[in-house]
Amino acid sequence: MPPTTESEEHKALREAVAALGKRYGRDYITTVIAENRHPQELWLEAAKLGYLGVNLPEAYGGGGGGIAELSIVLEELGAAGCPLLMMVVSPAICGTVIARFGTDAQKLHWLPALADGTRTMAFGITEPDAGSNSHRITTTARRDPDTGDWLLTGRKVFISGVDITDATLIVGRTEDSHTGRLKPCLFIVPRDTPGFTRHRIDMELTAAEKQFELTLDDVRLPADALVGDEDAGLLQLFAGLNPERIMTAAFAIGMGRYALAQAITYARDRTVWNTPIGAHQAVAHPLAQAHIDLELARLMMQKAAHLYDAGDDAGAGEAANMAKYAAGEACVKAVDQAVHTLGGNGLTREFGLGSLITAARVARIAPVSREMILNYVSHQTLGLPKSY
């Protein structure tokens, strides 16, 4: 099915997930945040219905679909006001990487549990001095010559949900025995491993998922903690980063749709001088533009997911970056216009839009900034020279 046309199966999936999201809604998420806990009830119900593992192989308890289906789930939950941020990390990044490159034992141990929601996994790549430039990652892994174990040392920042996950998929670097150069490798680090500590980062962002700084101090891991081939390098890394961009786009589109829906309802109902404010073009046109931008971003997201699921990693990389950029911009504009449409009411707890002003910025910043995406398109797509 071309990515511009949604199949009947995808439409049915959208309707089913939307119904689940409607039963929970924004009030559920705000309650979870107020109680400082994880949205466990929604997470487990989504897992039971097969939504969390829809992208994972059927042989390991998943739905046998791809990122196209998983992005639909996240978008629709977001549009209902109850997105699950850890979907970007646990099934999309970690589940995909393990499904593609993990050993049989790793797949058997992790994939069924990721699919049914009984285990979750975080993803650790960003470092204090290595944000957009992943080539500067300094978390290093070396072999213990006596035991064959790995020893990891380094720091990570802005890692989501480490307090609630069972393990973190850490991006480290090992030394190439032939060239001496460092190359990226992926390691599964269980939460309670000695030497693996976390410190919560105090964020102004209002979200159920907390952010952490991680310290790895000679963390000892068995040889089988390595995911995939030690020599595969960037191929394995971007097998997780491309789904991350696509799912971030889904997260942003869902958030934008939720905000826009609140604004549309308000513009229909709010009457000034005997006329609904939505009848005025100054109110209606910006909302129409926001809707168009969200729809266009979704098309690029669907293209990216289609390419990724078809095995076109290079094509998916370009499209995923574009989708993430378009969705981030569309989300910020939709939230801003929704708040503006409601006026003072847009900043009240009753309507739940004020907190989205900060949340919407995340899609512009993470997992890669819009400026770095423009650099990517400039260099990789347009063939323009680098400035750095």
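## Pocket, helices and strands in a predicted model

Student: What is the volume of the second largest pocket?
Tutor: The structure is a predicted model, and the value is computed from it. For the second largest pocket, the volume comes to about 400 Å³.

Student: Which residues lie nearest the centre of the second largest pocket?
Tutor: The lining of this pocket consists of 15 residues. By character, these divide into four nonpolar, seven polar and four charged. Nearest the centre are Arg 26, Thr 30, Arg 349, Gly 352 and Ser 355.

Student: Which helix gives the most to the lining of the second largest pocket?
Tutor: At least two lining residues come from each of helix 1 (8-34), helix 6 (234-269) and helix 9 (354-365). The helix that gives the most, with four residues, is helix 1.

Student: How far apart are the end C-alpha atoms of helix 5, and what span should its 13 residues have?
Tutor: Helix 5 covers residues 104-116, and at 1.5 Å a residue it should span 18 Å. The expected span counts one residue less than the helix holds. The end C-alpha atoms agree with that value, being 18 Å apart.

Student: Where does helix 5 bend?
Tutor: The bend is about 25°, and a proline, Pro 112, follows within four residues of it. The residue at the bend is also among the buried residues of helix 5, a list including Gln 106, Lys 107 and Leu 111. The bend is at Trp 110.

Student: Which residue just after helix 5 takes a positive phi?
Tutor: Helix 5 runs over residues 104-116. Just after it, a phi of about 80° is found at Gly 117.

Student: What is the distance between the end C-alpha atoms of helix 4?
Tutor: Helix 4 (residues 86-101) has 16 residues, which should span 22 Å at 1.5 Å a residue. The helix bends by about 35° at Gly 95. Its end C-alpha atoms agree with the expected span, at a distance of 21 Å.

Student: How many of the 16 residues of helix 4 are buried?
Tutor: Buried means a relative accessible area under 20%. Helix 4 is largely enclosed by the rest of the structure, because the buried residues number 14 of the 16.

Student: Is Cys 82 buried or exposed?
Tutor: Cys 82 sits in the loop between helix 3 and helix 4. Its C-alpha atom is separated by 23 Å from that of Val 368, which is 286 residues away along the chain. With a relative accessibility of 0%, Cys 82 counts as buried.

Student: How far apart in space are Asn 55 and Ala 99, C-alpha to C-alpha?
Tutor: Asn 55 is in the loop between helix 2 (40-48) and helix 3 (67-79). Asn 55 is buried, since its relative accessible area is 10%. Asn 55 and Ala 99 are 44 residues apart in sequence, and their distance in space is 9.8 Å.

Student: Which residue of strand 3 is the bridge partner of Arg 142?
Tutor: Strand 2 (residues 140-143) and strand 3 (residues 150-160) run antiparallel and are joined by four bridges. They form a hairpin with six residues between them, and in the turn Gly 148 has a positive phi of about 85°. The partner of Arg 142 in strand 3 is Leu 151.

Student: Which residue of strand 4 is the bridge partner of Ala 122?
Tutor: Strand 1 (residues 121-124) and strand 4 run parallel, with four bridges between them. Strand 4 (residues 167-175) is largely enclosed by the rest of the structure, because eight of its nine residues are buried. The partner of Ala 122 in strand 4 is Thr 168.

Student: Are Trp 273 and Asn 274 buried or exposed?
Tutor: Trp 273 is in the loop between strand 9 (271-272) and strand 10 (275-276), and Asn 274 is in that loop too. Trp 273 has a positive phi of about 50° without being a glycine, and Asn 274 has a positive phi near 65°. The cut-off for an exposed residue is over 50% relative accessible area. Trp 273 has 79% and Asn 274 has 78%, so both are exposed.

Student: Which two residues does the cis peptide bond join?
Tutor: The second residue of the pair lies in the loop between helix 9 and helix 10 (370-381). Omega is about -5°, and the bond joins Ala 366 and Pro 367.

Key
Residues are numbered from 1 along each chain as its sequence is written. This is a predicted model: local features need pLDDT of at least 70, side-chain atom pairs count only at pLDDT 80 or more; totals for chains, interfaces and linings use all residues. Side-chain values use heavy atoms; hydrogens and water are left out. On a 1 Å grid over the protein atoms alone, a cavity is a set of points where a 1.4 Å probe fits but cannot get out, and a pocket is an open set with protein on both sides within 12 Å along at least five of seven lines; lining residues have an atom within 4 Å of a point. Grid points are joined across faces, edges and corners, and a volume is the space filled by probe spheres set on the points. Ala, Val, Leu, Ile, Met, Phe, Trp, Tyr, Cys and Pro count as nonpolar, Asp, Glu, Lys and Arg as charged, and the others, Gly among them, as polar. The bend at a residue is the angle between axes fitted to the seven residues ending there and the seven starting there. Buried means under 20% relative accessible area, exposed over 50%, partly exposed in between (1.4 Å probe, protein chains only). Two strands pair if DSSP finds at least two bridges between them.
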